[in-house]
Amino acid sequence: MKPQRSETISFWQGVSIIVGANIGAGILSLPYGAKNGGYLALLAALLVAGFLTTASMLFVAEVALRTKEPLQLSGLARKYLGQTGSWLIFAGVVVNGLGALIAYTTGSGSILSDIFGISPSVGSLIFFVPGLVVVWFGLKATGRSEQGLSVAMIVLILFLCAWTFVGPGVDIGNLTYVHPFFIIPIVNLAVFSFIAQYTVPELARGLAETNPRGLPRAVIVGMGLTGFLLAIVPLAALGMLGPDSITEVVTVGWGQELGQIAYVLSNIFALLAMMTSFWAIALTLMTNIFDRFRWPSHGASGYRIAALSLVGVPPFVIGVFQLTGFVSALGYAGGFAGAIMSVVPVLMLHRARRFGDQEPAWTAGWVAHPLIQALLIIVFGLAFVYSLLSAVGLIPDGWA
C-alpha cells in the first residue's frame, strides 16, 4: 500500500515532528526535576537517555523500511511479534500519550489563566480546540504546522537563553553541584523527554516513498536538536535561579526573574512547546488507534471522530479535575512507556531482519550492535522498575 500523495512530508517537516514531539512538557519540567541531583547529573542523564532512545528510533526506522505497508508502531508489532507485542506497544503509546496530554491540559490552563485572568478550565479548552482541529486534518497538516511553530519556539528559546546569559547571568555554583543519589529520578524524567519512537512510523509514512534515506537522517537531526534544547534551557534557568527558586513549570519562575516582557515570552514559548508536542502525540495516538482496532483512517468520519474523542476527552477531564500532578504524571508515563517503546523495537528488529517484506534502503549498522541492544534493555528496564516502585510508594524520600 503506497502512502497517499497528500501524506508525503519534507525532510524538515519530519525533523520538526520529532522536535515538536520531544520539546513539550519534558523541557518545562526538567530543570525542576534536576534541582536535587544537579545540572551535571542532568547532562549525564540526557546523554544516556538521548543516545539509547535515538538507537531505538533507528531500529524502528529500519523495521518500517523493511515493511511495505505503512503501519504504526502497534501495527508493526502485530506483524512481527504477534498480538501480545502489539498490545504491549499500544499500551506504551497510550500511557505515554495520555500522560503527556494530561500534563498539557493542566499546564496550558494554568498559563492562559495567569495571562488572561480566565479560569484554568477555559484556558485548557482554548488550547485543546485548535490542537484537535490540526490533528483532524492528518499528517500533512500536522507536519506543516509543526514546522512553523517549531521555528518560532526555537527562536524564543535561544532569545530567552541569550537574555539570561547577557542580562542577570548564571551562578556557576548553581550548575556544578552534584548529588548522585538523585540521578535515578532524573534519568526517568530524561527518558520521558526523549520518547519519540511513536513518531518514526509517521515519518516513514511521509518519507519512505520519496526520500527513504532521509528517514534516519531526520531522526538523528531531530534528536540532536532535541538534546541541545533540553540541555540549554536548564543551563540558563537553573543557572540563574538556583535549586531553591526553580519552579515546577520552569517558565513561571524564569520569566518572572527576567521581567514582565520575558515572562510573557516565556509563557508563549511554553504554550508553543505544549502545542507542538500535543499535535505529534495526538496524531500518532489517533493513528495507532486506527491500526490497533483496524479502523479505516480515510473516508470514514465516524471512526475519525471516535478516535479523536478517545484521544482528547480522557486527558482533558483528568487534567481539568487535577487528578494528578504535572511532574508526577510525566514521571509515571516516562518509566512505563519508555521501557516498552525502547525494548520492543529491539525484538521487532530481529524479526523484521528475518521476515521483512523487502530489502530496506538503509540499515541501522553499528548502532544495532548487540551490546547497545543489551544496554538499552537494561537501562529502560530499570526505568520501568523505578516506575513500578514509585507507583506503590516504595522509593526513597526525594525521588518522587
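**Figure 1. Helix 1 crosses helix 12 in a left-handed way.** This close-up comes from a predicted model, as do the other views below. Helix 1 covers residues 11–22 and helix 12 covers residues 260–293; their axes sit 7 Å apart, at an angle of about 115 degrees. Angles from 65 to 115 degrees count as roughly perpendicular, so that's the word for helix 1 and helix 12 here. Who does the touching? On the helix 1 side, look for Ile17, Gly20 and Ala21; on the helix 12 side, look for Ala273, Thr276, Ser277 and Ala280. Sort the residues of this contact by class and you get four nonpolar, three polar and no charged ones.

**Figure 2. Helix 1 also crosses helix 6, and this crossing is left-handed.** Helix 6 is made of residues 139–166, and its axis comes within 8 Å of the axis of helix 1, at a crossing angle of roughly 70 degrees. That makes this pair roughly perpendicular. Helix 1 brings Trp12, Gln13, Ser16, Ile17, Val19 and Gly20 to the contact, while helix 6 brings Leu139, Gly143, Arg144, Glu146, Gln147, Ser150 and Met153. By class, that's five nonpolar, six polar and two charged residues. If you've just come from Figure 1, you'll recognise Ile17 and Gly20, which are listed for the contact with helix 12 and for the contact with helix 6.

**Figure 3. Glutamine 147 of helix 6, seen up close.** Is this residue buried or exposed? Neither, quite: glutamine 147 has a relative accessibility of 28%, so it counts as partly exposed. Leave out its neighbours within four places in sequence, and glutamine 147 is in contact with Trp12, Gln13 and Ser16. Glutamine 13 is worth a second look: along the chain, 134 residues separate it from glutamine 147, yet their C-alpha atoms are 5.5 Å apart.

**Figure 4. Helix 4 passes helix 5 in a right-handed crossing.** The axes of helix 4 and helix 5 (residues 120–136) are 7 Å apart, and the packing angle is about 115 degrees. From helix 4 come Leu101, Tyr104, Thr105, Ser108, Gly109, Leu112 and Ser113, and they meet Pro120, Gly123, Ser124, Ile126, Phe127 and Phe128 of helix 5. The tally for this contact is seven nonpolar, six polar and no charged residues.

**Figure 5. The largest nonpolar core, with isoleucine 27 among its best-connected members.** This core holds 123 residues, and the ones with the most contacts inside it are Ile27, Phe59, Phe127, Ile157 and Trp254. Which helix gives the largest share? Helix 12 does, with 18 residues. Zoom in on isoleucine 27 and, setting aside neighbours within four places in sequence, you'll find it in contact with Ile157, Leu229, Leu230, Val233, Val250 and Phe269.

**Figure 6. Two loop residues, glutamine 72 and tyrosine 177.** Glutamine 72 sits in the loop between helix 3 (39–65) and helix 4 (73–116). With a relative accessible area of 3%, glutamine 72 is buried. Not counting residues up to four places away in sequence, glutamine 72 touches Tyr198, Pro201, Glu202, Arg205, Thr287, Asn288 and Asp291. Tyrosine 177 belongs to another loop, the one between helix 7 (173–176) and helix 8 (183–194). Its relative accessibility is 17%, and the cut-off for buried is under 20%, so tyrosine 177 counts as buried. With residues up to four places away in sequence left out, tyrosine 177 touches Ala34, Lys35, Asn36, Gly37, Gly38, Tyr39, Leu238 and Pro243. Measure along the sequence and tyrosine 177 is 139 residues from glycine 38, but in space their C-alpha atoms are 5.6 Å apart.

**Figure 7. Two arginines, one in a loop and one in a helix.** Arginine 294 lies in the loop between helix 12 and helix 13 (301–320). At 61% relative accessibility, arginine 294 counts as exposed. Check its backbone too: phi is positive, about 55 degrees, although arginine 294 isn't a glycine. Arginine 351 is part of helix 14 (residues 326–355), and at 36% relative accessibility it counts as partly exposed. Skipping neighbours within four places in sequence, arginine 351 is in contact with Tyr80, Leu81 and Gly356. Phenylalanine 380 is 29 residues from arginine 351 in sequence, and their C-alpha atoms are 21 Å apart.

How values were computed
Residues are numbered from 1 along each chain as its sequence is written. This is a predicted model: local features need pLDDT of at least 70, side-chain atom pairs count only at pLDDT 80 or more; totals for chains, interfaces and linings use all residues. Side-chain values use heavy atoms; hydrogens and water are left out. Axes are lines fitted to C-alpha atoms, for helices over the stretch in contact, and angles run from 0 to 180 degrees between N-to-C directions. Helices (H or I, at least four residues) and strands (E, at least two) are DSSP runs, numbered from the N terminus. Angles under 35 degrees count as roughly parallel, over 145 as roughly antiparallel, 65 to 115 as roughly perpendicular and the rest as oblique. A crossing is left-handed if the near helix is turned anticlockwise from the far one by less than a right angle, and right-handed if clockwise. Contact means heavy atoms within 4.5 Å. Ala, Val, Leu, Ile, Met, Phe, Trp, Tyr, Cys and Pro count as nonpolar, Asp, Glu, Lys and Arg as charged, and the others, Gly among them, as polar. A nonpolar core is a set of buried Ala, Val, Leu, Ile, Met, Phe, Trp, Tyr and Cys residues joined through side-chain atoms within 4.5 Å. Buried means under 20% relative accessible area, exposed over 50%, partly exposed in between (1.4 Å probe, protein chains only).
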